[in-house]
Every structure is written in structure tokens, then in C-alpha cells.
Amino acid sequence: MSEKNENDLKMEDVRMPEKEEGEKKEKGRSILREVLGWVRTIAIAVILAGLINFFLIANSSVPTGSMETTIPAGSRIIGWRPDYHFEDPQRGDIVIFKNPDDESMTFVKRIIGMPGETVTIIDGKVYINNSTTPLDEPYLTQTPTGSFGPYLVPADSYFMLGDNRDNSKDSRYWNNPYVSRDKILAKVYFMWWPRFRTF
């Protein structure tokens, strides 16, 4: 072997480890960039989900049977938060709101009494403003019982009842029977668990 070839081999022996070390560093940087990319993507997704949940939707559970059979116990529902920024709540709307007796809890009920109305319940039937005709409630699948009221709903407040009237702790039983508008968090639009259903 010539002296030149021997020198070339020696140089190659010296360069190879440097080249391998450079490739390892580059590979390490590439993995780090990929990991940081994933972390950034996940962080953005979490922040966006938080903002959407805080400002746009309310994803809630209904642990009891107070809204059966409309919403079974254990169901998950989605409410739309901005709805009542643009329109007034309506009788019959299903809403998510802060419990007037304990605002750390949220409830899901149906709006029955509107601001300024008198609500009277006689033998399970709801009468508004002393009407002789009971409120039409096609969503009720069980015949409720009991007599309550009359309740005079204050301005900017609502009277709430569950659809499962005989098994619902609602405006009839709270110390503060009325829910002010600013305590209504969202209007419920659909149930997504255990089955899909719109309202």
C-alpha cells in the first residue's frame, strides 16, 4: 500500500467518528424538535378546548333522574353559552344554571315560569297567571302529582321544574325558588351520551 493510501485511511479513521458524532447530534436535535412540536400542538389544543368550554359550550352531566325521560340519569349534554346574549330565555327551554341555594353546583331543568308571571301547580298541573287551562307540556311522560304555589316570579328571573316532577328537587323545594337570568349558563341543545338526541 502506498504512503498516500495509508495517509488517506488514517484521515478516514479520524473523520468517521466526527461524522458519526455529528449525525447523532443532528438526530438528537431532530427528535427534540419533534417532541417540542408535539408538546406545542397539545398545549394549543388544551388551551383552545378550555377557551371553547369556557366561552362557547357547556359540557355537563346529569347525575340524577330529575329530567327523565327527556334526559336519563347519567347522561352527558352540551349547552350553548352565547345563546342568551342574543335572545331571551323561553318557556320550555332546557338550561344549565347555577343552583340558587349553592352556586358551586350546576343544575339542569326546564324553564316553566317567566319573569313577572304567577305560577300555580294544582294536582300536578301547571297554571300560569291564574289561567283555567293548564300549561301544555307534551314532554312529560309521567303524570305528576301535588299542589304548590302560587309563586310570583320576580323580574329577570325564572321558575324551573324537572320533567320527572315527582322526583325532582327544583324551584318548588329550593330556599331561593327563582333563578336570575345571569345565573343561566347555557341553553341545552343536545345529549351525546348514552345516545344522541337534540332538544
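## Buried, exposed and in between

A residue is called buried when its relative accessible area is under 20%, exposed when that value is over 50%, and partly exposed in between. Asp 93, in this predicted model, has a relative accessibility of 10%, and because the cut-off for buried is under 20%, Asp 93 counts as buried. The same scale is applied below to the partners of several salt bridges, of which the structure holds eight.

## A network around Asp 93

Asp 93 is found in the loop between α2 and β3. Salt bridges that share partners join Asp 93 with Asp 83 and Lys 187 into one network. Within this network, Lys 187 forms a salt bridge with Asp 83, and the closest N and O atoms of that pair are 4.0 Å apart. The pair links distant parts of the chain, since Lys 187 belongs to strand β10 (residues 184–193) and Asp 83 to helix α2 (residues 83–86), with their positions 104 residues apart in sequence. Both Lys 187 and Asp 83 are buried.

Asp 93 also has a polar contact of 2.7 Å with Tyr 84, made between the two side chains. When neighbours within four places in sequence are left aside, the residues in contact with Asp 93 are Tyr 84, Lys 109, Arg 110, Ile 111 and Lys 187.

## A partly exposed pair

Which residue meets the side chain of Arg 181 in a salt bridge? The partner is Asp 88, with a distance of 2.5 Å from N to O. This pair, too, links distant parts of the chain: Arg 181 is in the loop between β9 (178–180) and β10, while Asp 88 is in the loop between α2 and β3 (94–99), and the two are 93 residues apart.

Arg 181 has a relative accessible area of 22% and is therefore partly exposed, as this value lies between the limits of 20% and 50%. Asp 88, at 44% relative accessibility, likewise counts as partly exposed.

## A buried pair between two loops

Arg 165 and Glu 137 form another salt bridge, in which the closest N and O atoms are 2.6 Å apart. Arg 165 lies in the loop between β8 (157–161) and β9, and Glu 137 lies in the loop between β6 (125–128) and β7 (148–152), so the salt bridge ties together parts that are 28 residues apart in sequence.

Are these two partners buried or exposed? Arg 165 has a relative accessibility of 4% and counts as buried, and Glu 137, at 11%, counts as buried as well.

Notes: Residues are numbered from 1 along each chain as its sequence is written. This is a predicted model: local features need pLDDT of at least 70, side-chain atom pairs count only at pLDDT 80 or more; totals for chains, interfaces and linings use all residues. Side-chain values use heavy atoms; hydrogens and water are left out. Helices (H or I, at least four residues) and strands (E, at least two) are DSSP runs, numbered from the N terminus. Buried means under 20% relative accessible area, exposed over 50%, partly exposed in between (1.4 Å probe, protein chains only). A polar contact is a pair of N or O atoms within 3.5 Å; within protein, one must be able to donate a hydrogen and the other to accept it, and residues adjacent in sequence count only if both atoms are side-chain atoms. Contact means heavy atoms within 4.5 Å.
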